[in-house]
Structure formats: structure tokens, C-alpha cells
Amino acid sequence: MRPSKFQRKNRVANTIPTVSMGDIAFLLLIFFMATTIFRLDSGLQVVLPSAESTENPGRERVASIWIDRDGRISINDRFVAASDVEGIVITTILGKPDAIVALNADEHAPYGIVSDVIEALKKANAARLSFTSEREERAVPPRPSP
Amino acid sequence: MSDLAFLLLIFFVVTTTFAIEEGIPLALPGRSSSSTRVDASDVLEIHALAGGRVEAQGQSIGVTNVRRLVEQALAANPDLIVLLTAQRSAEYGLMVDVLDEIKLANCRRISLKTVE
């Protein structure tokens with residue numbers, strides 16, 4: 001019998017090419033190695049408060065101010081006095097008008113210290129502030145009983 | 001070779017934590033902005049006091065009731081400004097809790113005040 005007109009003469013091997021697998025793995029590996037950030041210890045033990053209405057302030061955040069439960073203030077891993085906050089913030093946000101200052105204060109910190117820092121930020125014209133807090137899951141309303 | 005690469009890859013995938021810090025954003029008035037006069041009827045004052053007490057309109061309310069109170073006041077007066085008055089000796093966490101509740105009530109005009 002004559003072979004059909006539509007019959008294939010030569011078939012492509014039906015195997016998945018795995019030659020480039022190692023390349024892909026290495027590419028992903030390099031991506032994760034480059035983007036991994038190991039969290040640095042700030043030197044202060046801070047338990048952040050939790051809140052539901054948190055938002056991601058974005059990457060342009062430049063200054064982090066840490067306040068622990070005893071009211072000690074740390075900026076860029078250095079202990080500072082409350083009276084020095086204004087000057088440090090002014091030099092940090094110089095030329096960055098959209099800078100967000102993240103305030104990482106312990107939930108048991110006295111509000112007076114936090115208030116002093118906020119006043120210093122106002123004087124330094126650092127208008128954008130973010131109270132860093134842990135995300136608290138929104139409470140699910142109880143299901144009505146049948 | 002690719003086995004090793006995959007092993008390292010899985011290690012990094014599992015151990016990577018993206019350092020995303022979330023927070024409650026607030027725009028502060030700058031040094032140049034002057035104080036504005038507002039009508040007393042547009043202001044709802046909420047006190048965050050030492051010892052975890054929260055007071056509004058002369059009576060003690062819990063943190064959980066702040067949201068409902070602000071929502072009701074906002075429905076009655078859309079121009080409402082919430083004045084959050086915190087005591088210096090109050091805990092910062094309490095102030096954040098109250099601020100969170102005010103934000104959850106969709107109030108956009110918030111004023112912070114500190115008292116002794």
C-alpha cells in the first residue's frame with residue numbers, strides 16, 4: 001500500500017529538553033541571592049503595636065526612628081537625645097521632599113517621648129510620617145446563628 | 001550541578017523574607033503652615049489617658065467603641081475633625097490603637113494633641 005499523503009516522514013522526539021534547566025535554576029538563585037535582605041538588629045528591643053489600617057509606605061522611606069519601652073531613641077543604629085532628633089532628621093531628608101519617616105516605637109513606650117519626636121519632625125519639615133505597626137488581621141464578623 | 005543549584009534555590013526561596021514594614025501613614029503640618037480656626041461643633045475630641053483609659057464626650061469608652069462613635073459622628077457631620085488628645089504618660093500603643101480605630105472609621109481629618 002502506498003503511504004498516505006499526510007503521513008509524517010520523520011517524527012520529532014517527544015522528550016522535554018532539560019538542558020537549560022540548570023541555567024534557569026541558577027538565574028532564579030542569583031535573583032534570590034541579590035534580593036535577599038537579612039534583617040539588621042537595631043540594637044533596641046521594640047515590640048511594635050498592632051493595627052488593622054496599616055499601609056505599605058513604599059520604598060522611598062529613608063529614616064527609621066526607633067523608640068524602646070524605656071524611651072530611648074535610636075536613629076540609624078545610634079542612640080540620640082530627643083533634642084538632637086530635629087537636626088539629624090533635617091540632614092537625613094535633605095533634598096528628599098517625599099521622604100517618609102518611619103516611627104518604630106514600642107507599644108509600651110511613654111507617649112510623651114513619641115510626642116517630642118513628632119514635634120521635632122514638624123520643626124524639621126518632615127511632613128510624612130508612618131507609625132510602623134504589625135498588621136493585625138481584620139476581625140471577621142461572627143456568623144449569624146441559623 | 002543543577003541539583004546543587006536547585007538545592008540552594010530552594011534554601012533561598014524558603015528563607016527569604018521581604019522586609020516590608022507597614023504602618024499608619026500620617027501627614028504632619030509643616031513648620032510653615034499656620035494654625036487654622038475650626039468650628040467647635042466640627043470637632044470630636046477623644047482622650048487617650050494613662051492606664052489604658054479612653055474618654056470621649058465626658059465619659060469613659062473602650063477602644064473598641066471608638067470606631068462606632070466616630071462613624072456615627074461622621075454620618076451626622078461629614079466635616080468632622082477628630083482631635084486625638086493623648087496624655088504624655090499614656091502608652092504609645094494605646095494611642096496607636098485609637099488612631100487605628102479612627103482611621104478604620106474612614107475619618108481623614110485627624111489632629112493630634114498632647115497634654116500633661
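Modeller: Let us start with the term: a salt bridge is a side-chain nitrogen of Lys or Arg within 4 Å of a carboxyl oxygen of Asp or Glu. In this predicted model, that rule finds 1 salt bridge across the interface of chain B and chain A.

Biologist: Lovely. What makes the meeting of D116(A) and R88(B) a salt bridge?

Modeller: Their side chains come to 2.9 Å, N to O. The cut-off is 4 Å and the partners are an Arg and an Asp, so the pair qualifies.

Biologist: And how many residue pairs are in polar contact across the interface of chain B and chain A?

Modeller: There are 11 such pairs, with both residues at pLDDT 80 or more. On the side of chain B that touches chain A, the elements giving two or more residues are α1 (2-15), β1 (23-27), β5 (81-87), α3 (92-104) and β6 (110-115) of chain B. The most comes from α3(B), with 9 residues. By class, that side has 23 nonpolar, 9 polar and 8 charged residues.

Biologist: How do you know that strand β6 of chain A and β1(B) pair?

Modeller: Two strands pair if DSSP finds at least two bridges between them; β6 (residues 128-132) of chain A and β1(B) have 5, so they meet that rule. Their sense is antiparallel, and F131(A) stands opposite I24(B) in β1(B).

Biologist: How much area do chain B and chain A bury between them?

Modeller: About 4200 Å², with 60% of it on carbon and sulfur atoms. E21(B), E22(B) and Y92(B) supply 20% of the area that chain B buries against chain A, more than any other three residues. The contact takes 40 residues from chain B and 54 residues from chain A.

Biologist: Which confidence scores go with the model?

Modeller: It has ipTM 0.76 and pTM 0.72. Chain B averages a pLDDT of 84, with 93% of the residues scoring at least 70. For chain A the mean is 79, and 82% of its residues reach 70 or more. Among the elements of chain A, helix α3 (residues 111-123) has the highest mean pLDDT, 88, and strand β1 (residues 50-51) the lowest, 80.

Note on methods:
Residues numbered from 1 in each chain as written. Chains lettered and ligands numbered in written order. Heavy atoms only, no water. Contact = heavy atoms within 4.5 Å. Buried area = accessible area lost by both parts, 1.4 Å probe. Polar contact = N/O pair within 3.5 Å; in protein donor to acceptor, adjacent residues only side chain to side chain. Helix = DSSP H or I, 4+ residues; strand = E, 2+ residues; numbered from the N terminus. Nonpolar A, V, L, I, M, F, W, Y, C, P; charged D, E, K, R; others polar. pLDDT = per-residue confidence, 0-100.
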